[in-house]
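Trainee: I would like to learn how to read the features of a model one at a time, with the general idea placed before the particular case. Could we work through one together?

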Amino acid sequence: MTQTVAVLGTGKIGEALLSGMIRAGWPPAHLLVTTRRPDRAEELRATYGVEPVTNADAAKRADTLILAVKPQDMGKLLDELAHHVTRDRLVISAAAGITTAFIEERLAPDTPVVRVMPNTPVLVDQGMSVISAGSHATADHLAHAEEIFGGVGKTLRVPESQQDAATALSGSGPAYFYFLVEAMTDAGILLGLPRAQAHDLIVQAAIGAAVMLRDSGEHPVKLREAVTSPAGTTISAIRELENHGVRAALIAALEAARDRSRELASGNG
């Protein structure tokens, strides 16, 4: 934690990483941030005690650069950085669909690049960040990325060829659960419950189920069977889900998300 780290593009995800690093023990004096708006820069300085700088200054001073800009802004940012990033820097990209090759081609030869796909629960320190090495990244570089992103949740290393699948499952994953909670809340209203009560019941059921999945080590089928008694209410509901092809719809949805991630990565946005 004696290295200097710069977060370039300090929006919601960038700020979540910043606050997570500070809680994990990173000294604010070793953290730099960049942002487009002066008022936002001063807000970050006041809140975290970090130093706002320009993108060029960040590239010159930081040992590790975290690129947390939107995917459509990555090309312009790399053009700014190209003349300042040397091969002894580590570049971490947190932009969806941007490959390590895309970044490597625009920076000095042999620059180590690590690609990370976080999801929005990093905002509450419950994120899942999927990490892949570029052509010149070493095990130490991956460990450094895990140290940073581990402050806001869990991390998982995968080959970059699996990033599109991970994006479909994990990067987009929270949205599927929000969609399910929304639908189940509407069902609760249909069954006669006030919206607030239906929402609270479903959210707590989701939290409890997630904790049991994480902490019990049991297969989800076994946990589901423990709730599903013969000729009971649960099996009647499961039958309707199967009759309506919910399982097949989920598989198709995830395939569509993976395919769209591949399109974005290939520049066919």
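**Reading strands, loops and rings**

Mentor: In E5, the residue that forms a bridge with Leu 67 is Ser 93. Keep in mind throughout that this is a predicted model.

Trainee: How many bridges join E4 to E5, and in which sense do these strands run?

Mentor: E4 and E5 run parallel and are joined by four bridges. E5 (residues 90-93) also pairs with E6 (residues 113-117), again in the parallel sense, over three bridges, and there Ile 92 has Val 114 of E6 as its bridge partner.

Trainee: What is the order of the strands in the open sheet?

Mentor: The eight strands follow the order E3-E2-E1-E4-E5-E6-E7-E8, and the pairing is mixed. Strand E3 (51-52) and strand E8 (153-157) each have a single partner strand, so one side of each has no neighbour in the sheet.

Trainee: Which residues of E5 are buried on each side?

Mentor: The general idea is that side chains in a regular strand alternate between the two faces of the sheet. In E5, Leu 90 and Ile 92 are buried on one side, while Val 91 and Ser 93 are buried on the other, and both faces are thus covered. Helix H6 (residues 139-149) lies across E5 as well as strands E1, E4, E6, E7 and E8, and runs at about 160 degrees to E8.

Trainee: Is Thr 10 buried or exposed?

Mentor: Thr 10, in the loop between E1 and helix H1 (12-23), counts as buried because its relative accessibility is 4%, under the 20% cut-off. A polar atom of the Thr 10 side chain lies 3.5 Å from the backbone oxygen of Val 7, and among the residues that Thr 10 touches, beyond those up to four places away in sequence, are Glu 15, Val 33 and Arg 40.

Trainee: Which sign of phi should I expect in general?

Mentor: Most residues other than glycine have a negative phi. Asp 125, however, has a positive phi of about 60 degrees; Asp 125 lies in the loop between E6 and E7 and is partly exposed, with a relative accessible area of 28%. Ala 231 likewise has a positive phi, near 55 degrees, and is found in the loop between helix H10 (220-227) and helix H11 (233-243), where Ala 231 is exposed at 81% relative accessible area.

Trainee: How many aromatic pairs does the structure hold?

Mentor: A pair of aromatic rings is described by the distance of the centres and the angle of the planes. This structure holds zero aromatic pairs, although Arg 106 lies over the face of Phe 102, at 3.6 Å from the ring centre.

Note on methods:
Residues numbered from 1 in each chain as written. Predicted model: local features only at pLDDT ≥ 70, side-chain atom pairs only at ≥ 80, totals over all residues. Heavy atoms only, no water. Pairing = 2+ DSSP bridges. Helix = DSSP H or I, 4+ residues; strand = E, 2+ residues; numbered from the N terminus. Contact = heavy atoms within 4.5 Å. Axes fitted to C-alpha atoms, helices over the stretch in contact; angles between N-to-C directions. Buried < 20%, exposed > 50% of the residue type's maximum accessible area, 1.4 Å probe, protein only. Polar contact = N/O pair within 3.5 Å; in protein donor to acceptor, adjacent residues only side chain to side chain. Phe/Tyr/Trp six-rings, centres within 6.5 Å; stacked < 30°, edge-to-face > 60°. Lys NZ or Arg CZ within 6 Å of the ring centre and 35° of its normal.
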